[in-house]
Amino acid sequence: MVVLVNPGHTLTGAGSGAVGVLNESKEARDIANIVIRELNKHGVKTILDKVDKAASQAECLNRIVAMANRSDIDYFVSIHFNSSSNKSAHGTEVYTYKGRQFTDALEVCDFISKEGFRNRGVKDGTGLYVIRRTNAKSMLIEVCFVGGQDAATYKKQKEDVGKAIARALWNNVQKVEEDKKNKEEGKKDMLNKLVVYKGDVDANIAVLVAEKHNCMIVKDSVYEKIKSTIEVKELIRVGGLEADTNRYATAKNAIEKYL
Ligand SMILES: [Zn+2]
């Protein structure tokens, strides 16, 4: 799992971000660094995709997307700060392709809002260049507004805001890895019961046991070869146990225990 983290905008000049009490370009870079540090701590690989200087905003966006699509990534995460002519606008929001309500996107909103911001929810980001043009799953985070009540809260909570984003992403990465693991394990055939018999002389009694328990039967030497590909809840051994000193003892033990 590789997460590409993109602090939005150039640092200065053409394509640079909003400036209010906070400077979007600078804060996006600080948050990106915290997110990368925290993800790396959890063993998640990251790529930093940033363009500090460009001739135009279009060039900046092109280069960000080109790098994302050149890299083998599972997730494109762009970090931004919001601005509005309405000074009372506040809160955190996330944009996804077609506004898909991914759990991790919802959690980014939820976890950031717990640091003291209004949760504005997950919105349709199809109109945003970096969302529309990147091949990987993508999200654009508007952490909070660069002015108004958000700026003061952000200054106090900055470190925790970065950690909150990383935590939401990390939760998802874990789920993806677990799903992968479960799928691999799911390839094993699951058997409720299986009768395994030792010698040819034990076969007859083993057949009776298998019939009674309505399960399959296999010779011990075969079982040894296939056991890594199957999973058995209850293994019934006929022969080969300590009490099975000869074929009669084996039969007696099997009848007493299983028939
Ligand atoms: Zn922005």
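Which residues point one way from β3, and which the other way? Y75, V77, I79 and F81 go to one side and F76, S78, H80 and N82 to the other, and all are buried, where buried takes 20 or more other C-beta atoms within 10 Å of a residue's own, exposed means 12 or fewer, partly exposed lies in between, and C-beta atoms are placed from the backbone. The model is a predicted one, with local features needing pLDDT of at least 70 and side-chain atom pairs counting only at pLDDT 80 or more, while totals for chains, interfaces and linings use all residues. Residues are numbered from 1 along each chain as its sequence is written.

Strand β3 covers residues 75-82; strands here are DSSP E runs of at least two residues and helices are H or I runs of at least four, numbered from the N terminus. On one side of the pairing, β1 (residues 2-7) runs parallel to β3 and is joined to it by five bridges, with N6 standing opposite S78. Strand β6 (residues 137-145) is also parallel to β3, over seven bridges, and F76 has S138 as its bridge partner there. Pairing calls for at least two DSSP bridges between two strands.

V77 from β3 turns up again in the nonpolar core. Together with V108 and I165, V77 has the most contacts inside the largest such core, which has 51 residues; a core is a set of buried Ala, Val, Leu, Ile, Met, Phe, Trp, Tyr and Cys residues joined through C-beta atoms within 7 Å. Helix α5 (residues 148-186) gives the most to this core, at nine residues. Leaving out residues up to four places away in sequence, V77 touches V3, L4, V5, N6, M139, I141 and L169, a contact being C-beta atoms, placed from the backbone, within 7 Å. A second, separate core has twelve residues, among them L194, A206, V238 and A251.

Then there is an open sheet of three strands, ordered β8-β7-β9 with parallel pairing. β8 (216-219) and β9 (230-238) are at the edges with a single partner strand each, so one side of each has no neighbour in the sheet. Eight bridges join β7 (residues 189-197) to β9, and V195 has I236 as its partner. Helix α6 (residues 203-213) packs on this sheet, touching β7, β8 and β9, and its direction makes about 150 degrees with that of β7; axes are lines fitted to C-alpha atoms, for helices over the stretch in contact, with angles from 0 to 180 degrees between N-to-C directions.

How values were computed. Two residues are in contact if their C-beta atoms, placed from the backbone, lie within 7 Å.
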